[in-house]
Amino acid sequence: MRTILKHYINGEWVESTGNDTEDVINPATEEPMGQISLGTKEDLDKAVQAARDAFPGFSQTSKEERIEMLENIAEAYARRKDEFIDVMTEELGAPLEISEKIHYSMGYNHFAQAAESLKNIEFMEHRGNHTVVKESVGVSGLITPWNFPTNQASTKIASAFAAGSPVVLKPSEMTPFAAIMLAEIFDEVGVPKGAFNLVNGTGETIGDGISSHPDIDFVSFTGSAGVGTKIMQNASETIKNVALELGGKSPLIVLEDADMKDAARNAVSNIATNTGQVCSAATRMIVPASKKEEFEQAVLDVLPEFPVGHPREGNYVGPLVSKKQWDTVQSYIEKGKEEGANLIAGGTGLPEGLEKGYYAKPTIFTDVTNDMVIAQEEIFGPVMSIITYDTIDQAIEIGNDVVYGLAGYVYGKDPETLKKVATSIRAGRIKINDASHDFNAPFGGYKQSGIGREWGDYGIEEYLEKKAILGFPS
C-alpha cells in the first residue's frame, strides 16, 4: 500500500491544505493499492507561485546546463526501472511486458531524446536585418491522463525543461504514482526549486484551476475532446497558449497485396496493447472486400496470441483501468450488436475464468459500416471494427470520414500505393507496416484530435515563444 499524502512544491514535499484523500485502485484486484491527498486551490496557488518565482532564473539557464540536467534525469530514471515497472503494473494494471517495453521505455526515451534534440536547437538566429530569439513560454501547466502515466508526463516535462519552462503537473488521480516517482527523481538530481511542482487532485479543482489560472502562461493537456474543449474555454479568459492531444479513431488500411496473417496480427496488437486504452490505436480495420473472409479468419487465428489475464502472470492483455471504463466498453459492445454489426469474437462480460478485475474480452465486429457509432466514437478498449472497401480511393475516404485525425496505419507491399495512402490520410502520424518508433518524430493530431505537437524538437518548440528584434547589434 503506497500512501503519499503530500504534494511536491518548490523543491519540498508539503502537506495539503485540505483533508480530502482518494484511494488508488489496482484494476486487476479491485482493491486499493495506494492513497493520495486531493489538492486544493490553495495548494495549486502555492505551486504556481513557486514556478513563477523560479521562472527568471530557470529560463536563463544555459542550453548546456539543461542538457546535463536532462541526461542526469534519464540516468536516474533508468536506475529505477524495476520500480517503474512495478508501479505501472499496480496502478494501471499493465502486464509486466507492457510495463517494461512501453511504459518504462517511453518515459526514459523522452528525457534522453529531449537532451539530444536540445543540442540542435538554436535560440538565436540572425535573418537579414532582424534577429529571432526563442524564449521560454513561461510557467506551464501540465495535465496528464491515466492511460500512459510515464509517457505523457515525461514528454511534456522533458520538453518544458529543455525550453527552460517551470511546470506545475497534475497527473490523473487514478494513476498518480509514476508522477510521484518522477518528482523523487527530479529532487535527487537537483532540478532547481520551483522548476517542477506536483499537485495531485481532481480535474474539477486542480485541472480547471490550471487552465484558468492567470499566472500560468501555457497549458498542455492530454485527454478527452470534451475536457479539451473546456480547457480551451478556460484558457481563453487569459489568452494563454494551449496544446491539446485528444482522442482518436484511427484507420488501418489493409492493401490488396498485404500478407493477411501479418496484417491481422498488427490489427489485433493495436486493440490488445494497453488493453486498447491508446488514443492513437487503430480500431477501424479497412480491408478489401475481396479479402474480407481471409482477413477475418486471420484475425481469429492470431487472437489467441494475445491472452487476457492477471498482469503479473505473463498475459498480454490486462484489465481496463476502472469499473467506469469497463462499463463504457461494455455499453459500446452492446451498441455494436444493436446497430447490426456481426460479432465474431468476444462480447460483453468477463473473459472465461476471470471473476475479479476489470477485464474485457477482445471483441471483433465485422460487417461494420463507417456511420455506425462503434466506427465513429472512441471506445478506449479492446474492440475492433472491420469495414470493407472496393477501391483505394474509397478506403482513403472511409479512413478520413471521422472527426478525429490522430493517427493512421497502412499495411501492404506496393510502394506507390503505400505512399498514396500515407500521404492522403489526414492525421498527425502515419505508420507503414511495422515501422518502429522514432522519439524525434512529431506526435499530435489533425481535426478534433488536438492542437500542437509533442516529442523531440517539435515538442520543445511548443514551450518556446519567438521574439523578433530589428537592429540587433552585431
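Is Asp53 buried or exposed in this model? With a relative accessible area of 55%, Asp53 is exposed, because that value lies over the 50% cut-off. The legends below describe a predicted model, beginning with the chain as a whole and moving on to close-up views of single sites.

**Figure 1. Overview of the predicted chain, with its 15 helices and 23 strands.** The radius of gyration is 23 Å, close to the 23 Å that the globule rule gives for 474 residues, so the chain is as compact as a globular protein of that length. Along its principal axes the C-alpha trace spans about 65 × 60 × 40 Å, and 56% of the 474 residues count as buried. Among the contacts in the chain with a separation of 6 or more, 74% are made by residues 24 or more positions apart. The accessible surface comes to about 18700 Å², and carbon and sulfur atoms account for 47% of this area. The side chains include 42 positive and 70 negative ones, and the centres of these two sets lie 2 Å apart.

**Figure 2. Close-up of the largest nonpolar core, a set of 53 residues.** The residues with the most contacts inside this core are Leu70, Phe111, Ile157, Phe161, Phe186 and Phe196. At least two core residues come from each of strand 5 (31–37), helix 2 (63–79), helix 3 (81–91), helix 4 (96–119), helix 5 (149–163), strand 9 (167–170), helix 6 (177–189) and strand 10 (196–198). Helix 6 gives the most, with nine residues. For Phe186, once neighbours within four places in sequence are left aside, the contacts are with Ile73, Phe111, Ile157, Phe161, Val191 and Phe196. A second, separate core has 44 residues, including Leu92, Ile364, Phe380 and Tyr411.

**Figure 3. Close-up of Asp53 in helix 1, which covers residues 41–58.** The question at the head of these legends concerned this residue, whose relative accessible area of 55% makes it exposed. The view also takes in Pro166, which is 113 residues from Asp53 in sequence, while the C-alpha atoms of the two residues are 9.3 Å apart in space.

**Figure 4. Close-up of Thr205 in helix 7, the helix of residues 203–212.** At 35% relative accessibility, Thr205 counts as partly exposed, because this value falls between the 20% and 50% cut-offs. When residues up to four places away in sequence are not counted, Thr205 touches Gly39, Thr40 and Lys41. For the pair Thr205 and Gly39, 166 residues apart along the chain, the separation between C-alpha atoms is 7.7 Å.

**Figure 5. Close-up of two loop residues with positive phi, Asn10 and Glu30.** Most residues other than glycine have a negative phi. Asn10, which is not a glycine, has a positive phi of about 55°, and the residue is found in the loop between strand 2 (6–9) and strand 3 (12–15). The relative accessible area of Asn10 is 36%, and the residue is partly exposed. Glu30, in the loop between strand 4 (21–26) and strand 5, likewise has a positive value, with phi near 65°. Glu30 counts as partly exposed, at 32% relative accessibility.

**Figure 6. Close-up of Gln394 in helix 13, residues 392–400.** Gln394 has a relative accessible area of 29% and is partly exposed. Ile286 is shown with it, since the two residues are 108 positions apart along the chain and their C-alpha atoms are separated by 9.8 Å.

**Figure 7. Close-up of Leu300 in helix 10, residues 292–302.** Leu300 counts as partly exposed, with 31% relative accessibility. Leaving aside neighbours within four places in sequence, the residues in contact with Leu300 are Ile344 and Ala345. Pro415, 115 residues from Leu300 along the chain, has its C-alpha atom 28 Å from that of Leu300.

Technical notes: Residues are numbered from 1 along each chain as its sequence is written. This is a predicted model: local features need pLDDT of at least 70, side-chain atom pairs count only at pLDDT 80 or more; totals for chains, interfaces and linings use all residues. Side-chain values use heavy atoms; hydrogens and water are left out. Helices (H or I, at least four residues) and strands (E, at least two) are DSSP runs, numbered from the N terminus. The radius of gyration is taken over C-alpha atoms; the globule rule is 2.2 Å times the number of residues to the power 0.38. Buried means under 20% relative accessible area, exposed over 50%, partly exposed in between (1.4 Å probe, protein chains only). Contact means heavy atoms within 4.5 Å. Accessible areas come from the Shrake-Rupley method with a 1.4 Å probe; for residues, only the protein chains shown count as cover. Lys and Arg count as positive and Asp and Glu as negative; His and the chain ends are not counted. The place of a charge is taken as NZ of Lys, CZ of Arg, CG of Asp or CD of Glu. A nonpolar core is a set of buried Ala, Val, Leu, Ile, Met, Phe, Trp, Tyr and Cys residues joined through side-chain atoms within 4.5 Å.
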